[in-house]
Amino acid sequence: MRPLYGVEEIRAAEAATGVSEAVLIDRASTAVARRAAAMTGGVYGRQVLVCAGPGNNGADALWAGAKLAARGAAVDWAFALGDDRCGEHSGEALRRLRRSPRARPFARYDLVIDGILGSGARLWDTAPDWALRMRELATCPVLAVDVPSGVDADTGHAAPGAVRADVTVTFAPRIGLYVGAGAAHAGLVEVADIGLRPRVPSGLLAQAFHARLALRPPFGDTDKYRRGVVGIVAGSERYPGAAMLACRGALRAGCGYVRLLAPRSVADAVRAAFPEVVAADRTTDLPHADAWVVGPGLGDEPELVAAVLATGKPTVVDADAIGVGTVHENVVLTPHTGEFARLTGVSREDAERDRAGVARKAAADLGCTVLLKGTTTVVASRQGDVYVNPTGTPFLATAGTGDVLSGVVGALLPRNDVAENAAVGGAWLHGLAGRLAAGDPAVAITAMDVAERIPEAARIALAAC
């Protein structure tokens, strides 16, 4: 398990270390200097700009600069909020920097170290103009100390002009570095151990373990029925492809049997494409299924949605079915941000500002699992647990990928006693399949490309555990 923590919990952990702030700053700055040397491919002769602020992050950055200067780097420094905002632990670092060779101000740098504001700072309205200037001056990599300045470490919200780092060296895994805009601004996150031992997590990072747990590979004495019969109610004359993509996602995630209920023309098209699918005309007289997927491309079919929910079976409720009927504890809702706003009344802006927080509240209020889709997908259980999925890619932002995800989660539901396990594992597999389909360097992909890479993602998850 990889727990993710909030600001207050990490502050409590800092206080509980039993060592002074000066010792923690020494440990932190050593980690930052080590990562800076790795990013520049050495130290001697490298030109580094340290952007410091008034708190301990500024001290971390200045001390890292001093340690680099002691090894032959030319270090320039600047105070984004004015020289009078220098922190109490920064004085000695500045004296050492002033005795060392200094880079020519505003020259071309090899690295910028961002230590303007820390994880708990709320002063960003005074700094974004300076941060923009910093980006204009530095066309080189940016290394953020603990959290990129302007990013809320609790929510991942990024203020206008927030620093966009290539690497962030943090000293405890902060939830805001893995969710929302914070994940994009943080770049590669490296957790350096300086002795902090926070206890109460704000969330968990989804990992290969969760995918393996959800997959539950079959033993030799199984059959197609014991591997799970998934009923899919999807597709319409307007959106026939949604049914096809949901079915393919379920098949590639390893369910034993897919039953599709769709309009005749859609059913015919799916049968032609995937002969494994048993497709029939849509009716509220539902056949047996161990789990259901309802909603992708469905259109306005409230009676059908109600009939599926009335079975009480584990059910993925997606797209047009979201907000229709009464959900139960075995339901996984899979809204994107717009659908989430319509379901809960939370504005899109507020949902993006605190994805983990709004998903947690919605899951508790509705009494089911909520999978909030987005650049960073978040899964919240009705008990209050929150999982942040790190495997996605912006290239998943294309039509139909959500339909594939619904099928994947639907296929995993019969194998898991807890709906959230299927949701977390499905999100991890789907995100990794997107990355595999996009490749490196990443290129445009289609939803079907993602579906076809689900088995490869599953193999990676199984091999990693």
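In this predicted model, strand E13 (residues 315–317) is joined to strand E12 by three bridges, and the two run parallel. Within this pairing, Trp-292 lies opposite Thr-315 of E13. The connection between the strands involves a helix. E12, helix H10 (residues 302–310) and E13 form a β-α-β unit, and this unit is right-handed.

E12 has a further partner. Strand E9 (residues 229–233) pairs with E12 over four bridges, again in the parallel sense. Here Val-233 has Val-294 of E12 as its bridge partner.

The side chains of E12 (residues 291–294) were examined next. In a regular strand, side chains alternate between the two faces of the sheet. On one side of E12 are Ala-291 and Val-293; on the other are Trp-292 and Val-294. All four are buried, and both faces of the strand are thus covered. Trp-292, placed opposite Thr-315, and Val-294, the bridge partner of Val-233, therefore share one side of E12, because side chains alternate along a regular strand.

Helix H9 (residues 264–273) has a buried side and another with exposed residues. Val-266, Ala-267 and Val-270 are buried. These residues span an arc of only 100° around the axis, so they sit on the same side of H9. Arg-264 and Ala-272, on the other side of the helix, are exposed. The cover over the buried residues of H9 includes one helix, H8 (240–252). Strands E10 (257–262) and E11 (278–281) also contribute to this cover.

Note on methods:
Residues are numbered from 1 along each chain as its sequence is written. This is a predicted model: local features need pLDDT of at least 70, side-chain atom pairs count only at pLDDT 80 or more; totals for chains, interfaces and linings use all residues. Side-chain values use heavy atoms; hydrogens and water are left out. Buried means under 20% relative accessible area, exposed over 50%, partly exposed in between (1.4 Å probe, protein chains only). The arc is that of the directions from the helix axis to the C-beta atoms. Contact means heavy atoms within 4.5 Å. Two strands pair if DSSP finds at least two bridges between them. A crossover is right-handed if, with the strands pointing away from the viewer, the path from the first strand over the helix to the second runs clockwise.
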